[in-house]
Amino acid sequence: MQDIKEHMEIIGADGVHVGTVDGVEGNRIKLTKQDSGEGSHKGHHHFIDKSLVAEVEGDKVRLSAIGAVAVTMEQEK
């Protein structure tokens, strides 16, 4: 988690964009509000648990789940 920095791109195991790092809070990665989606999700921060992180490579955080699945595991605040 110490390698994860603000503005890094988060991608699923399939290379699909999931979000952008806003910061790290405890064991979770906080995504920027612009990656929050539409409708009732718009304007809220979402979080991804560190257990989904497979590796950090350059300026990208790669998850162990594909993008479509990772989005369903996000926790909203």
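Let's start with the overall fold. One helix and seven strands make up the secondary structure of this chain. Keep in mind that this is a predicted model. Reading along the sequence, you get the pattern β-β-β-β-β-β-α-β. The chain has 77 residues, and 35% of them count as buried.

Now contacts. Take the pairs in contact that are at least 6 apart in sequence. Of those contacts, 44% join residues at least 24 apart. As for the surface, the chain exposes about 4,400 Å². Carbon and sulfur atoms supply 49% of that exposed area.

Next, salt bridges. How many does a search of the whole structure find? Four. I'll walk through some of them.

One is between the side chains of Glu-9 and Lys-60, at 2.7 Å, N to O. This pair links distant parts of the chain. Glu-9 is in strand S1, residues 9-11. Lys-60 is in strand S6, residues 60-63. The two are 51 residues apart. Are these partners buried, partly exposed or exposed? Glu-9 has 23% relative accessibility, so it counts as partly exposed. Lys-60 has a relative accessible area of 28%, so it is partly exposed too.

Move on to Lys-30. Its side chain meets that of Asp-22 in a salt bridge, at 3.9 Å, N to O. The cut-off for a salt bridge is 4 Å. Lys-30 also meets Glu-25, at 3.4 Å, N to O. Together, Asp-22, Glu-25 and Lys-30 are linked in a network of salt bridges.

How does burial look across that network? Lys-30 counts as buried, because its relative accessibility is 17% and buried means under 20%. Asp-22 is at 25%, so it counts as partly exposed. Glu-25 is partly exposed as well, with a relative accessible area of 31%. In short, a buried lysine, Lys-30, is bridged to Asp-22 and to Glu-25.

Asp-22 brings us to Thr-32, because Asp-22 is among the contacts of Thr-32. Where does Thr-32 lie? In the loop between strand S3, residues 28-31, and strand S4, residues 46-49. Is Thr-32 buried or exposed? Buried, because its relative accessible area is 12%. So here is a loop residue that counts as buried.

What does Thr-32 touch, leaving aside its neighbours within four places in sequence? Thr-20, Val-21, Asp-22 and His-45. Look at His-45 in particular. Thr-32 and His-45 are 13 residues apart in sequence. In space they are 6.2 Å apart, C-alpha to C-alpha.

Last stop, His-7. Find it in the segment before S1. The backbone is what to look at here. His-7 has a positive phi, about 75°, although it is not a glycine. Is His-7 buried or exposed? Exposed, because its relative accessibility is 61%.

To recap. One helix, seven strands. Four salt bridges in the whole structure, including the Glu-9 to Lys-60 pair, which links distant parts of the chain. A network of Asp-22, Glu-25 and Lys-30. A buried Thr-32, in contact with Asp-22 and His-45 among others. And His-7, with its positive phi. That's the tour.

Note on methods:
Residues numbered from 1 in each chain as written. Predicted model: local features only at pLDDT ≥ 70, side-chain atom pairs only at ≥ 80, totals over all residues. Heavy atoms only, no water. Helix = DSSP H or I, 4+ residues; strand = E, 2+ residues; numbered from the N terminus. Buried < 20%, exposed > 50% of the residue type's maximum accessible area, 1.4 Å probe, protein only. Contact = heavy atoms within 4.5 Å. Areas by Shrake-Rupley, 256 points an atom, 1.4 Å probe, with all protein chains shown as cover.
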